[in-house]
Structure formats: structure tokens, C-alpha cells
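Biologist: I'm new to this one and would like a quick tour. Could you put it up on the screen before we start?

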Amino acid sequence: MNTTAMFGPFRRLFNICRKELLVILKDPANRALLLLPALMQSLIFGYAATYDLNHASYALLDQSHSRASTDLVMRVDGSGVFTRVATLSNESQIAPIINSQQALIVIHIGPRFEQLLYEGQAAAIQVILDARNSVTASNAAAYLGGIIEQFNEAWRAQLGVAKSPLTINMRAWFNPTLDTRWSFLPSLVATLSMMQTMLLTALSVAREREQGTFDQLLVTPYTPAEIMIGKSVPCILVGLFQSTVILLISVLWFKIPVAGSLFTLYCGLLMFTLASVGIGMSISALSASMQQAMLYTFVLLMPMVLLSGLTTPVANMPLAMKWLTSVNPLRYAIDLIRRVYLEGVGLGTVLSDIIPLLIISAITLPLAGWLFRNRLA
Amino acid sequence: MNAPAETVSSGFRRRLLALTRKEVRQLLRDRSNLMMGIALPIVLILIFGYGMSFDVKNSLVAVVMEDHSPTAIDAIAGLPLSPYFSPVMVASMHDAQLLMQQDQIDGIVRIPPDFSRALAFGSARIEVVVQALDANRARTVEGYLQGALEQRVVVQIDRAGGHLSQAGPRVGSVTIEPRMWFNAANNSSWFLVPGLIVMIMTLVGAFLTSLVMAREWERGTLEALFVTPVRPMEILLAKMIPYFAVGMVGLILCLLAAAFLFHVPMYGSLLIILLCSVLYLFVALGIGLLISSVTKNQFAASQLALLSSFMPAMILSGFLFDLRNVPAVVRWIGQVLPATYFMELLKSLFLAGDLWPMIFKNCAILLLYAVLLMAATRAVTRKRIA
């Protein structure tokens, strides 16, 4: 008798969680919606996410026709990155080929190129870049700069002059090849799962309200707090499940090694999912219909994703925007996952990310509870 | 002979007007719609203009000086002058590594103890470590650091009259004169703002409308509409008109912000930009209505709209990541998305000018999408009536 009284509350909770989980999972279409998008998006976006220049088309305008210019062009062709799509004969051809996007770059070597080199002067080559996408253009310019540097070294060696007195050894920590994918996929673990989890949570109560079944739930012996827990737990499980799917793709398919401990990673993910569900619940309590719940979620989601460091770094933002991001759970989650996943830090180091997440949960979850009670009354 | 035809057409007009009025009221009654249609574009404009940037400024870099000679001090003199860096002096490599692990700094520059002596012999070395949790930012920082350090040493060598490197005769070298066409200042907000318009049009078009048909199906009110004399096409048109207006408001807000807030140049004609945007808005509305009519379920519709509009428009359309760099399969997927064509149109119209062959090609593709999507939506809606 006594044990039933003790475990009673847990059984009640277990039952309501089970009911809510069944509501989410009973429809095969819904089950597919919770698995396939996470799977497909992490695969496709994993491949799409690259700022690395691995293919650039260029057109050549060589007015020098000398050995030196041929040598330079051979180095460009041999880089494996630059493909020559056209050889121009005069300057009026430059604008059309860039405008039509046939070539990203035009390399223009002037008639006095070799002469200037032999005279010991600086021989400038003009490089015209299509900067409609400024990131690609700067990368291409930097890459070309590297090739020219090699040419200069070889030129000096050919003349028997000592090489440049300075070498700069560059090393990149935590991501040795500076691969965008390594930064991007760990961030997707948080971003993709948050988007669907928040929407799922926000719609959960709104749907019952719209369909009129919420009143039925209220006449059951459950307290509003229990109902809320019952609605939250399945969403948290779904969120963690999605994170796991994306994590598996990142590790097994893209072969990005996990440097830190999975325990730390999941502690962080749990805190993050809790915060997302808290926000979703508050939205759900505020909205009268599914449409409202969905639109409010989206109005919040977009700035959260854009200001999270997923696409452009938080460090580049002006101060006022940085302050704004301090209430954004995704910002902490992305920082946390990248640091545990790529850098391999322990739980103590990421406390600076976990504590804000806890604070967000500690505000949003009671707020949602309070809103439920007051809107029900 | 004329009279019946006239009644038919005026009946169409009357029914459409009545339905549109109903939809407008439904849209205005719910504040969340207006929040999405008007407030969200304003928030996004501010975020895109002021929050998102690829331009690194004042990056914190630890400098470890293990050689205190004037030559070594001069070698790093370029760092504080650069707008890209705020160097911090750190006593030892150990301290610098700690700072790096605490995520306090973006990079470390280490001048080894024998730097000035080695430089005199022509084999000096500077060690640079960058923190690459964000690969793209790390690459930018790396490039700037290399530039700042190399330049300073070149200045030193020149000042010493080539003495430092023990060089003999003057040697020619190749230099690059880069010309960044269409974006001379290499300002990332110039290419982000046209992308913003694509995002907002996609959102308002596809996302807002994805629920409108699904809601009527789910609540069973569409059947009530079917018993009235209105035709499926009229229902669809009436649903589109108010959202079209909301989308246009968003577009005008964006154009005003682009011109007066961010001073993005507009080399193409405003008329063409407006026409292309209207065309794309029809495509986006078509996507939303199709999702809505096919799923007939608000939950599924919302998830599908989220998956097919926001993330793909951000990641696969060439807005952030250049499609020329991605594997072919992903590029094909990007090329299926109408957003890709609109993105290409807008970027060129804003930054390059009226390039007619491209405008015709992309507009034709968008028009095809609009017609196909409308026809498909119409087909799906009609089938259910029978």
C-alpha cells in the first residue's frame, strides 16, 4: 500500500508522458517527419556548407606572351583549383565574361610583364574578381596570392638570390585543415534539433486547445504542472533523438572525430533541449491557435538561428547585438558543442555555457506553468 | 448574347471580392500574422544589416615575445596599427595556450628567442596559431596576420637596404593588383542584404500561406465553402491576394532599408527588381498553397514549410555558401530551388546591373515554377471536391 502511495506520483507522470509520446508517434507521417528531415538536412547541408574554394573558373588575358608569363599561368593551371574557361585577346572582353558569370576571375598580364621582372622591378598583374559573393572573391584572391608567392620564390631561386628571410609557420588548432564542415556540422546538431523541437512543443498545447481536447485533459485528475511535464518530456526525448541522429551522421558519415567526452556533450545537449522546450512551452501557453503558435515560434527562431554563430561568428557582431545574443540558447549550445566536440574540453570549462542555459530553462519553464494556470483560470 | 457572359464575369468578380474580403479580415484579426508579415522583416533587416558580418575587426591576438630585441619588437609593430587586431602581450607560451583554451583569444603570435639573429642570417621564423572552432573566421584571421607580419619585415629589409637578407642585386617580383568588381570595399553586408530579400519573400510567401488551406481542411470549413457557388480557383486566388499584399509590404521595407540604411548600390533598374520580386512572390505563394493543400494538416504543413523554405533558402541558394564550391549533387539540389534563381537575379541586379540574358533566363524559370505550382495546387484542390 505504502509503495503505491510513494510511487503513485511517478506512475501518474509516467502514464501521461506515455500518452503524449503516443500522440506524437502514432501517425506514421509524423514519425517520418521527425526522422527524415534531420537525416536529409544534415547530409545535404553538411556537403553544402563550405567556404573552401575548390573550384574557380578564370579567364586569361596575356599580353606579355613571354616565358615568365607562361610559367606563371602554368602554375595557376596546375593548382587544381583554377580552371581556365577562356583566353581573351583584348581588354574589352573582360567585362562581358565577368558579368555573365562565366569566369569568377580574369587574370590580366600586361605587355611589359617580363621586361619589368628582368629589370628588377615590381611587375604587377591585374586580377579582376567577381565580388558579388565577397567571401568567395577574397578566398580566390588569397589563393592566387599564394601561387604568386611560390612563383616569386622560384624566380629568386632561379636568379640565385637568397629566399625570403622570414617564414611564418601557421597552425590551426582544433580544426587543422580549416574545414568549414568541421565547424558547421557540430552546430547543426543543435540548430536542426532545436527548430523541430521548439515547433513540436509550441504546437502541442495549441493543438489540443484548437481541437477542444484540452478541456478533456483538464477534467482528468492531473494538475496543470503534471500536464506540462507530460507535454515536455516527450519533446525533450524527440530533441535528444534528433541530436543523436545528426551526431551519428557527423561522426560516421563525415568522419569528424569527437575530441571530448560524450557524457559532457549529452549533459550540454540535455540542458539546451530543456531550454528550447521551455521557450516552446511558453509560446504554446500564449497562443490561442496552432497558427499563432507556429508563427510566434518562427518569429523567434529566425533571429535565434541568424544570431547564433552558425553562419556568421558572434565575435564579429557589434556590441549591442552581442548583448542580444546573451538570451539566445542556441548561441550557448553551438559554442558548447563545438568546444566539446572539436576542442575536447571538460564539463568545468563549458559551465559558462551551461549556466546561462539553466537560467533560461529556470525562467521559461515556470513562466509556462504560470501562464497555463492563469489562462486556464 | 452578351448578357449571360457579363453575369458570369461579374459573378466571378463579386465572388472573388467577397472571398478576398473574408480572407483579409481573417488575416488582420490575428496579430501573429502581422507580426510575421511586418515586424519580422524589420527585425531581419536590422539583424542582417548590423548583426551578421564576415568582416573580422579587433580580433584578440596573444603575442608571446621570447626575443626582446628592437628588430623583434618592430616585427610585430604592424599588429596594433591594424584595424583587424587588438594584440595582448602575454608572458609565456603556456599562458597563451591557457587563454586559447578558455576561448579568450583568436590566435597566438610567437616570436622565438633567436628571432633577430636568425633574421640576419635570412632564416627567421614566426609561429602563428589560430583557433579554428569557426573555420571561416580562422582563415580570415590567418590571412590578416600573415599580411601584417610579412609587410613589417619587408619594410625592415628595405630600410636596411637589403642588408638584412644579404641580398645581391635587386630582384623583380610579381605583385597582384586585385580589383574587386561589384563590391570594391569587400563589404559583406552588400551581398547579405539582397539575400535578405530572398529570405523575407520566401518566408512570407511560403510560410504564412502554408497554413491557410490546411486550417480550412482540418477544421472542415473548406467543405462549407464548397457548397457555395465559389470555384476552387476563386478560393485559391482569394487566399493569395492578402498574403501577396503582405509580401509586397515586406519587399518595400527591404528595398527602403537597402537604399537608405545600408547604402547598397542598385545598378539594375528598380522596375526590374520589382518585377522579379513579384514573380518570385507568386512562386513562394504557390509553394505554400501546394504544401497546404497536399498535407491538409497544420502540423505537417508547418514542418514541411519550415524544411522547404527557411533552411534551404539560407544554405542551398547561394546566399551564404557559394554553390560553385559544393559537390555536384548538392548543386543540383540547389538548382531545383526557385530561391537560387531569385538570389542570382537580385545579386546581379543590385551589384552589377541589368544583364539581360540572365534576367530573361531566370525570369522564365521562375515563371515556369509559378505556373506549375499554381496548376498543381489547383489540381489537388479540385480532385477533393469530386
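Modeller: Sure. One term before we begin: a nonpolar core is a set of buried Ala, Val, Leu, Ile, Met, Phe, Trp, Tyr and Cys residues joined through C-beta atoms within 7 Å. Keep in mind too that this is a predicted model.

Biologist: With that in hand, how many residues does the largest nonpolar core have?

Modeller: Several residues stand out for having the most contacts inside that core: B:Leu196, B:Val198, B:Val283 and B:Phe342. The core's total comes to 191 residues.

Biologist: Which helix gives the largest share of this core?

Modeller: The helix to look for is in chain A and spans residues 180-211. With 16 residues in the core, the largest share comes from helix 7 of chain A.

Biologist: Another core lies apart from it, so to speak; how many residues does that one have?

Modeller: You can find it by looking for A:Leu61, A:Ala68, A:Ile128 and A:Ala131, which are among its members. This other core has 30 residues.

Biologist: Back to B:Val283: which residues does it touch, leaving out those up to four places away in sequence?

Modeller: B:Val283 is one of the residues with the most contacts inside the largest core. Leaving out its sequence neighbours up to four places away, B:Val283 touches B:Pro338, B:Leu366, B:Tyr369, B:Ala370 and B:Leu373.

Biologist: What share of chain B counts as buried?

Modeller: Chain B has 16 helices and 5 strands. Among its contacts with a separation of 6 or more, 81% join residues 24 or more positions apart. Of the 386 residues in chain B, the buried share is 47%.

Biologist: Now the two chains together: which helix of chain A gives the largest share of the side that touches chain B?

Modeller: The contact involves 99 residues of chain A and 100 residues of chain B. The largest share of chain A's side is 14 residues, and they come from helix 6, residues 134-158.

Biologist: And how many residues on that side of chain A are nonpolar?

Modeller: Set aside the 26 polar and 11 charged residues on that side. The nonpolar ones number 62.

Biologist: One last puzzle: is A:Lys255 buried or exposed?

Modeller: A:Lys255 has a positive phi of about 55 degrees, though it isn't a glycine. You'll find A:Lys255 in the loop between helix 9 and helix 10 of chain A. A residue counts as exposed if 12 or fewer other C-beta atoms lie within 10 Å of its own. A:Lys255 has 7, so it is exposed.

Note on methods
Residues numbered from 1 in each chain as written. Chains lettered and ligands numbered in written order. Predicted model: local features only at pLDDT ≥ 70, side-chain atom pairs only at ≥ 80, totals over all residues. Helix = DSSP H or I, 4+ residues; strand = E, 2+ residues; numbered from the N terminus. Buried ≥ 20, exposed ≤ 12 C-beta atoms within 10 Å, placed from the backbone. Contact = placed C-beta atoms within 7 Å. Nonpolar A, V, L, I, M, F, W, Y, C, P; charged D, E, K, R; others polar.
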